[in-house]
Amino acid sequence: MYIGIDLGTSGVKVILMAENGQVLASCSSPLSVSRPFDLWSEQNPEDWWQATDLAMQQLASENSLQDVKAIGLSGQMHGATLLGKKGAVLRPAILWNDGRSHEECLLLQRRCPEVQAITGNLVMPGFTAPKLLWVKEHEPDVFAHIDKVLLPKDYLRFRMTGEFETDVSDASGTLWLNMEQRAWSDTMLQATGLNEQQMPTVYEGSEITGTINDDLAKRWSMSVVPVVAGGGDNAAGAVGMGIIKPEETMLSLGTSGVIFSVSDGFTANPAVALHSFGHAIPDTWHTMSVMLSAASCIDWVTRLAQFGSVEAALLAVENRVDRVCNVTFLPYLSGERTPHNDANAKGVFWGMTHETTPADLVQAVLEGVTFALLDGLDAVRSAQSISESIDVIGGGAKSTYWLQLLADVFAVPMDYREGGEVGPALGAARLAAIGVRGNAALREVCVKPKLIKRYLPNSDRAARYAEKRERFQGLYQRLKGF
Ligand SMILES: Nc1ncnc2c1ncn2[C@@H]1O[C@H](COP(=O)(O)OP(=O)(O)O)[C@@H](O)[C@H]1O
Ligand SMILES: O=C(CO)[C@@H](O)[C@H](O)COP(=O)(O)O
């Protein structure tokens, strides 16, 4: 048996996976995001650890963990987790959807014009490097005390093993990695005022990085087992769905919305804010588009229109598959990365009348997020070909209405597979299995889970949505900078 731990933005999920790849059990513990100022988004690393411990203790109380052979880690990417001597946390972690560092992005680009040649990526506030320049400028005392910079899941690893380690896929999101070489770039680190000693050691996703400490093994009623490097949540989710060969494509509907496609070697198109990263398996790269508020827009409209629960909000629209909404929504509640790279983009409802209902708002939100995801898909297609169908994972994939809408708007079949709800945790457990069984087991472990349902596009609806999409795109262009 193997354990996968996924540190999502909305909560920690842990799963227990059998030797044959079946998910035997899962537990979760929620997290909240603190937004003390405009554009800020933070979480406390101690809260990550408490949530992980809580979910693991629940897993241990409901299942025997005696036969667990290894643990794999996955997590929200990019978050700047700053540690002083002896691993003391210096300030709240600055998350992937924090937009405060847009000035520092311009500074880093000026300081290091070769950044795209080294990393293949645009300098965006979500990435870790500009966040560190912001800390250097605004909190020099904190910056002076930085001993290590970790990514969120690697802070959990530090608490479990005492080691400072990371994996290629997560390190890709720092902007400090030479992407083709899959190794830290001195040039990028120096441009941020940092050095390699302050970075964790980089491993491939299935490599073993250490073992859990004795106290934790007792606490979680298991043996002292190895911990593998794991992956950023999108790469780990792709491993969970068996997305490992060129063109295979996945959509993650978590707090963020991500189109992830395996590329044939390293390929990039930073002009459209496309992300070009290393995959969580060796010698493999991928591209991805990232929208900053995807399923989180549903949470927001649920609160706004007082539905009480996400399920109730979705119930209000489930019979509207054949109806295009009159209201248009721009989903940029946290600004946007792909394709606009605009930290100051905002959420907008347009087209409301006396007749507009709370259900219209929910439908407009789902449509708006879906159009924005299609902009992301176009960005991915600008750099590479994609498969004929797309696998969907994440909390948002629980909505059958949304999956059909995605198929209609994208005009692409959308597949929901077993384990889709816990994709990144499943991928982390799979990487743990490969770590124990060796790289020869990679293809055997990374199979596609059983298909639960394929959502086929409807051509009439696709045509109607294509018209509405033009309004959606025009609205952002007209309001940009307003
Ligand atoms: N039944 C549902 N239908 C659609 N979305 C849902 C449903 N239940 C939860 N969600 C959404 O799933 C999101 C959390 O998904 P998850 O993949 O766990 O995100 P993260 O990895 O960012 O923590 C929430 O924003 C929530 O709105
Ligand atoms: O910033 C990115 C990827 O570049 C996000 O995808 C984060 O990795 C957060 O993921 P979720 O919490 O939405 O799964």
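Leaving aside its neighbours within four places in sequence, which residues is Ala 429 in contact with? In this predicted model, the contacts of Ala 429 outside that sequence window are Tyr 2, Ile 3, Gly 4, Ile 15, Met 17 and Gly 72. Ala 429 also belongs to the largest nonpolar core, a set of 152 residues in which Ala 429, together with Ile 5, Val 365 and Ala 432, touches the most other members. The element that gives the most to this core is helix 13 (residues 358-381), with 13 residues.

The UniProt record, in an unreviewed entry, lists residues 1-240 as "domain: Carbohydrate kinase FGGY N-terminal". Over residues 1-240 the chain is 35% helix and 23% strand, while the end C-alpha atoms lie 16 Å apart.

Helix 1 (residues 45-62) has 18 residues, which at 1.5 Å a residue should span 26 Å, and this agrees with its end C-alpha atoms, which are 26 Å apart. The buried residues of helix 1 fall within an arc of 165° when seen down its axis, so they line one face of the helix. The table sets these residues beside the exposed ones on the other side.

| Helix 1 group | Residues |
|---|---|
| Buried | Pro 45, Trp 48, Ala 51, Thr 52, Ala 55, Met 56, Leu 59, Ala 60 |
| Exposed, other side | Glu 46, Ser 61, Glu 62 |

Ligand 1 is surrounded by 18 residues, of which the closest are Gly 8, Ser 10, Gly 254, Thr 255 and Gly 395. Helix 11 (295-304) and helix 12 (310-315) are the elements that give two or more residues to this shell, and helix 11 gives the most, with 4 residues.

Key: Residues are numbered from 1 along each chain as its sequence is written. Chains are lettered from A and ligands numbered from 1 in the order in which they are written. This is a predicted model: local features need pLDDT of at least 70, side-chain atom pairs count only at pLDDT 80 or more; totals for chains, interfaces and linings use all residues. A nonpolar core is a set of buried Ala, Val, Leu, Ile, Met, Phe, Trp, Tyr and Cys residues joined through C-beta atoms within 7 Å. A residue is buried if 20 or more other C-beta atoms lie within 10 Å of its own, exposed if 12 or fewer, and partly exposed in between; C-beta atoms are placed from the backbone. Two residues are in contact if their C-beta atoms, placed from the backbone, lie within 7 Å. UniProt positions are given in the numbering used here, feature names are shortened, and annotations may be inferred rather than shown by experiment. The expected span of a helix is 1.5 Å times one less than its number of residues. The arc is that of the directions from the helix axis to the C-beta atoms. A residue is near a molecule or strand if its C-beta atom, placed from the backbone, lies within 6 Å of it.
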